[in-house]
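Okay, everyone, thanks for coming. Have a look at what's on the screen, and I'll talk you through it piece by piece.

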Amino acid sequence: MGWSSPDGWLTRLFSGDPLAIAIAFIVTLTLPALLHYYFYTQSARSQLTPTFLLLGASGAGKTSLVSLLQKQSSHPDENEPQPAQTRTSQIINRVSLYLPPTISLGSNKYRSDNDVSLKDREPLPYTIIDTPGHGKLRLESGLSQISNPALRGVIFVVDSSVMDSSDSSVSRDAAAYLHDTLLALQRRTTGKGSVKGKPPIPVLIAANKQDLFTSLPAGAISQRLQTEIERVRVSRAKGLSAVGQDADTNEEDDVLGGGGEEKFTFKLLEEEYGIKVDIIGGAVKGEEAGKGVTRWEEWIGGCL
């Protein structure tokens, strides 16, 4: 059948045949919908689940926190879920969780409270990477996760009940680990290391065990950590000079907060590199367990 054939499909297509018009109409309606569905599902598959890195020294309460969040995700109607008994972990544990619809999201802060879609929001999935706190495992199992492309925030758990102990080695150890964590995030932001420069990652210092009598308030813990981090910072800077590193060669990238003469503060880190550090008190166990964990979940929601 050629162009001139009255039965040819091209002839019927351009002749105003009702069947050809109906087919063209159906294709016009369904093709865009099919293309939209295909590209939308492909995009959804490639979307990474928001991930939060959980760091802190051994015994700070990291695994207990994850256990409690798991119970809340599994049994959201339970009034006072208690964390399961835990033990010191030596491996990375990736846990899938759900953020309750009652927790506000940072991406919705400019939307009206009367928005109907906010009222019908489903629990939002996210992942927490629980890491071991042992000194020998921190670099390999903990700080190596900072390059994760899905990372939205770092939660650094400290035991606030021992920060004011006469044995200052506890606060020094926590401060040294936090120093290394913040320095890794600084290098991530500037492109120092194995990854290119990326947007800054916020940090939550979760001051755990606030229900105990010996615990320090969040403000005092913030001051203690900043003081101890400054000591670590000065010591590390002297170490770089001792090995003969040129002071003009990437010195600001190798010193937390930059190579200036100002003492280290969390505010300085935010001003210089955009890395915001919040410290919020709470408790995984005890009478203040629910209240404290809710504040930490609100911080997580603010990063989403």
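Let's start with helix H9, residues 266-273, and its buried residues: Phe 266, Leu 268, Leu 269 and Tyr 273. Why do they belong to the same side of H9? Because they cover an arc of only 155 degrees around the axis, they end up on the same side of H9. Now turn to the face pointing away from that buried side, and you find Lys 267 and Glu 271, both exposed. Right after H9 comes Gly 274, which has a positive phi, near 75 degrees.

I should say that this is a predicted model. So how confident was the predictor? The mean pLDDT of the chain is 79, and 71% of the residues reach 70 or more. Helix H4, residues 116-119, is where confidence is lowest, with a mean of 61, while strand E5, residues 203-208, has the highest, at 95. Keep in mind that predicted coordinates should not be read in detail where pLDDT is low.

Okay, zooming out. The chain has 10 helices and 6 strands. Of its 304 residues, 40% are buried. If you take contacts between residues at least 6 apart in sequence, 75% of them join residues at least 24 apart. As for the outside, the chain exposes about 17700 Å², and carbon and sulfur atoms supply 54% of that.

Now the sheet. It's an open one with 6 strands, in the order E2-E3-E1-E4-E5-E6, and the pairing is mixed. Which strands stand at the edges? Those are E2 (93-99) and E6 (277-281); each has a single partner strand, so one side of each is left without a neighbour in the sheet. On average, neighbouring strands here are turned by 25 degrees against each other, ignoring direction.

A quick reminder: strands of a sheet pair through backbone hydrogen bonds, either parallel or antiparallel. We get both kinds here. E2 and E3 (residues 124-130) run antiparallel, joined by 7 bridges, and Leu 99 stands opposite Leu 124 in E3. E4 and E5, on the other hand, run parallel with 6 bridges, and there Asp 159 sits opposite Asn 208 in E5. E5 and E6 are parallel too, with 5 bridges, and Ala 207 is opposite Gly 281 in E6.

Let's stay with E5 for a moment. Is it enclosed or open? Well, 6 of its 6 residues are buried, so E5 is largely enclosed by the rest of the structure. Remember that in a regular strand the side chains alternate between the two faces of the sheet. In E5, one side has Val 203, Ile 205 and Ala 207, the other has Leu 204, Ala 206 and Asn 208, and they're all buried, which leaves both faces covered.

What lies across E5? One answer is helix H6, residues 169-190, which lies across strand E1 (51-56), strand E4 (151-159), E5 and E6. H6 runs at about 170 degrees to E4.

Last stop: Arg 231, in helix H7, residues 218-242. Buried or exposed? With a relative accessibility of 53%, Arg 231 counts as exposed, because the cut-off for that is over 50%. Arg 231 and Ala 175 are 56 residues apart along the chain, but their C-alpha atoms are separated by 9.3 Å.

That's my tour, thanks for listening!

Notes
Residues are numbered from 1 along each chain as its sequence is written. This is a predicted model: local features need pLDDT of at least 70, side-chain atom pairs count only at pLDDT 80 or more; totals for chains, interfaces and linings use all residues. Side-chain values use heavy atoms; hydrogens and water are left out. Buried means under 20% relative accessible area, exposed over 50%, partly exposed in between (1.4 Å probe, protein chains only). Helices (H or I, at least four residues) and strands (E, at least two) are DSSP runs, numbered from the N terminus. The arc is that of the directions from the helix axis to the C-beta atoms. Contact means heavy atoms within 4.5 Å. Accessible areas come from the Shrake-Rupley method with a 1.4 Å probe; for residues, only the protein chains shown count as cover. pLDDT is the predictor's confidence in each residue, from 0 to 100. Two strands pair if DSSP finds at least two bridges between them. Axes are lines fitted to C-alpha atoms, for helices over the stretch in contact, and angles run from 0 to 180 degrees between N-to-C directions.
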